[in-house]
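The exercises below ask the reader to work from the coordinates to a reasoned description. Each task is followed by a solution in steps.

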Amino acid sequence: MILSMTAELTEVLWKAAGKLRGSVDAAQYKDFVLGLVFLKYVSDSADSGAFRVPDGARWADVAAGDPDAVGVRVDAAMDAVMRANPSLGGVLPLIFRDVDQRRLGELVALIGAARFGGRTGRDILGEVYEYFLEKFARAEGKRGGEFYTPPSVVKLLVEILRPFKGRVYDPCCGSGGMFVQAEKFVRSHRGRLDDIAVHGQEANERTWRLARMNLAVHEIAGDIRRADAFHADAHPGLEADFVLANPPFNMADWYRDPADPRWSFGVPPAGNANFAWMQHIVAKLGPRGAAGVVMANGSMSSRQSAERRIRAAMVDADLVSCMVALPGQLFRSTQIPACLWFFDRDKRVRDEVLFIDARGMGTMVDRTERVLTDADIARIAGAYHSWRDRSHSDVPGFCHSAGLDEIRANDHVLTPGRYVGAAVPRTADGEPVADRIERLTKELFAQLDESERLDQVVRDELRRLNG
């Protein structure tokens, strides 16, 4: 049986992946499965020139031969492919010779039924890869947050920033989801993939491998380096046009150099890296650069002295363009409420910040997970772009543009709920309650006037008859 339809393929491959469960360390599970799927794609795409596959490294070579040595053949094929394709150097896992060979052989046989050749095959593999990353993130729970950001959150960041062209940077890029969504945005707007240049870094080796494979799957040529952003800036001198990032929330164990020149707004506290991440990101922005950052809600209102001073300094420097309060349960990996910070070195609306309260938005897809729908994303992004184009109108309970003096009066607290006010009460059919009361009152007075007129007509007619 040959599998090509995405829905059928993902279901079969996910079930097939279960064959290694129990014989592979949970932390390495996704490395085995995604590595094999990627090798199959490389083999299928060899004839179309996507990657060079040396003799002996094709999938047919891996699947044939002694069943007790299938892992040896997989490792050899992985090594050969990396040697033949410099862009994959150090990326593919060489971890197959020591697992249960019988189970690995069954998985190889099932993956062998998939077909990934040509452009259609690349698109199918991209969907399979994203599906697997999401499934693994859900399975790993909290740890899954290290390499995965919910697609609806990534899409919202991209729809607001609109990275049509330029240098795109992510200092903690996980599995590369921000870059993939940026690529989709460019393609959907009829741009060319080489309109954007991707730069990123990731401290975790396994996650860095996932990112490199994910970009290769989507044929994105990115400069993704393995490094801790605080200990070693992997892209010194980079002036990014766009930064998209989802740093670890409230990270306490981080490398901190109080003399680091990136701390232009103040030295971040040793116990929390939130404002270290944000200052690093701002430092990476070019003269017209813009950034969108996922952060823990506490960053908007923290009273910790250093964080409070840094937040105030960023606002007073007129770098903050927009704050979005997100609904709960978007992130399976954490219960910490989240928000979005947007920075802009080339603000069109000076000395103001747009506040958007999206806490009531989203749709539950199961008992524990919420997603932002396309309509939600369009409404939030639409509010931002209307504001940026100076055609904004405040919507009570949803969005409000506040001047810096108003923000200073609120002690530089950036929680949207403090600024947007209460929503206008509406009736079941969507009419504002105040408007309905006013309309019904006018109708009632008109009816009373008409009743009074008819009463006088009746009285006059009775007098005439009794006349």
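**Exercise 1. A positive phi in a loop**

Where is the place of Q329? Determine also its backbone phi and its degree of exposure.

*Solution.* The model is a predicted one.
Step 1: Q329 belongs to the loop between β6 and β7.
Step 2: its phi is near 65 degrees, a positive value in a residue other than glycine. Most residues other than glycine have a negative phi.
Step 3: the relative accessibility of Q329 is 34%; partly exposed covers the range between 20% and 50%, so Q329 counts as partly exposed.

**Exercise 2. Two further positive phi values**

Describe the backbone of R162 and that of R390, and locate both residues.

*Solution.*
Step 1: R162 is not a glycine, yet it has a positive phi of about 50 degrees.
Step 2: R162 is found in the loop between α7 and β1 (166–170).
Step 3: with a relative accessible area of 37%, R162 is partly exposed.
Step 4: R390 comes just after α12 and takes a positive phi of about 65 degrees.

**Exercise 3. Classifying aromatic pairs**

How many aromatic pairs does the structure hold? Classify the pair F38 and Y41 and the pair F249 and F331.

*Solution.*
Step 1: the structure holds 15 aromatic pairs.
Step 2: the ring centres of F38 and Y41 are 6.2 Å apart and their planes stand at 55 degrees; since this angle is neither under 30 degrees nor over 60, the pair is tilted.
Step 3: F38 and Y41 both lie in helix α2 (residues 29–45), three residues apart, which is about one turn of the helix. Both F38 and Y41 are buried.
Step 4: the rings of F249 and F331 are 6.1 Å apart centre to centre, with 65 degrees between the planes, and form an edge-to-face pair.
Step 5: this pair links distant parts of the chain, 82 residues apart: F249 is in the loop between β4 (240–245) and α10 (274–283), and F331 is in the loop between β6 (320–325) and β7 (338–344).
Step 6: F249 has a relative accessibility of 16% and therefore counts as buried; F331, at 8%, is buried as well.
Step 7: ring pairs also link F230, W254, W263 and W277 into a cluster.

**Exercise 4. Charges over rings**

Which residue lies over the face of Y169, and which over the face of F398?

*Solution.*
Step 1: K284 lies over the face of Y169, at 6.0 Å from the ring centre.
Step 2: R379 lies over the face of F398, at 3.8 Å from the ring centre.
Step 3: the C-alpha atom of F398 is separated by 9.3 Å from that of G360, 38 residues apart along the chain. G360 lies in the loop between β8 and β9 (363–364), and its relative accessible area of 75% makes it exposed.

**Exercise 5. Helix α12 and a pocket**

Compare the span of helix α12 with its expected value, then describe its packing and its part in the second largest pocket.

*Solution.*
Step 1: helix α12 (residues 374–388) has 15 residues, which at 1.5 Å a residue should span 21 Å; its end C-alpha atoms are 21 Å apart, so the two values agree.
Step 2: the buried residues of α12 are D376, I377, I380, A381, A383, Y384, H385 and W387. They pack against α7 (151–161), β6, β7, β8 (352–357), β10 (370–371) and β11 (399–403).
Step 3: the second largest pocket has a volume of about 370 Å³. Its lining consists of 15 residues, of which L161, R162, F242, R348 and R388 lie nearest its centre.
Step 4: α7, β4, β5 (285–296) and α12 each supply at least two lining residues; the largest share, three residues, comes from α12.

**Exercise 6. A buried glutamine**

Is Q279 buried or exposed, and what is it in contact with beyond its neighbours in sequence?

*Solution.*
Step 1: Q279 lies in helix α10.
Step 2: its relative accessibility is 1%, so Q279 counts as buried.
Step 3: leaving aside neighbours within four places in sequence, Q279 is in contact with R262, W263, S264, F265, G266, P268, I310 and M314. Of these, W263 also belongs to the ring cluster with F230, W254 and W277.

Technical notes: Residues numbered from 1 in each chain as written. Predicted model: local features only at pLDDT ≥ 70, side-chain atom pairs only at ≥ 80, totals over all residues. Heavy atoms only, no water. Phe/Tyr/Trp six-rings, centres within 6.5 Å; stacked < 30°, edge-to-face > 60°. Helix = DSSP H or I, 4+ residues; strand = E, 2+ residues; numbered from the N terminus. Buried < 20%, exposed > 50% of the residue type's maximum accessible area, 1.4 Å probe, protein only. Lys NZ or Arg CZ within 6 Å of the ring centre and 35° of its normal. Expected span 1.5 Å × (residues − 1). Contact = heavy atoms within 4.5 Å. 1 Å grid on protein atoms, 1.4 Å probe; cavity = no way out; pocket = protein on both sides within 12 Å on 5 of 7 lines; lining within 4 Å. Points joined across faces, edges and corners; volume = space filled by probe spheres on them.
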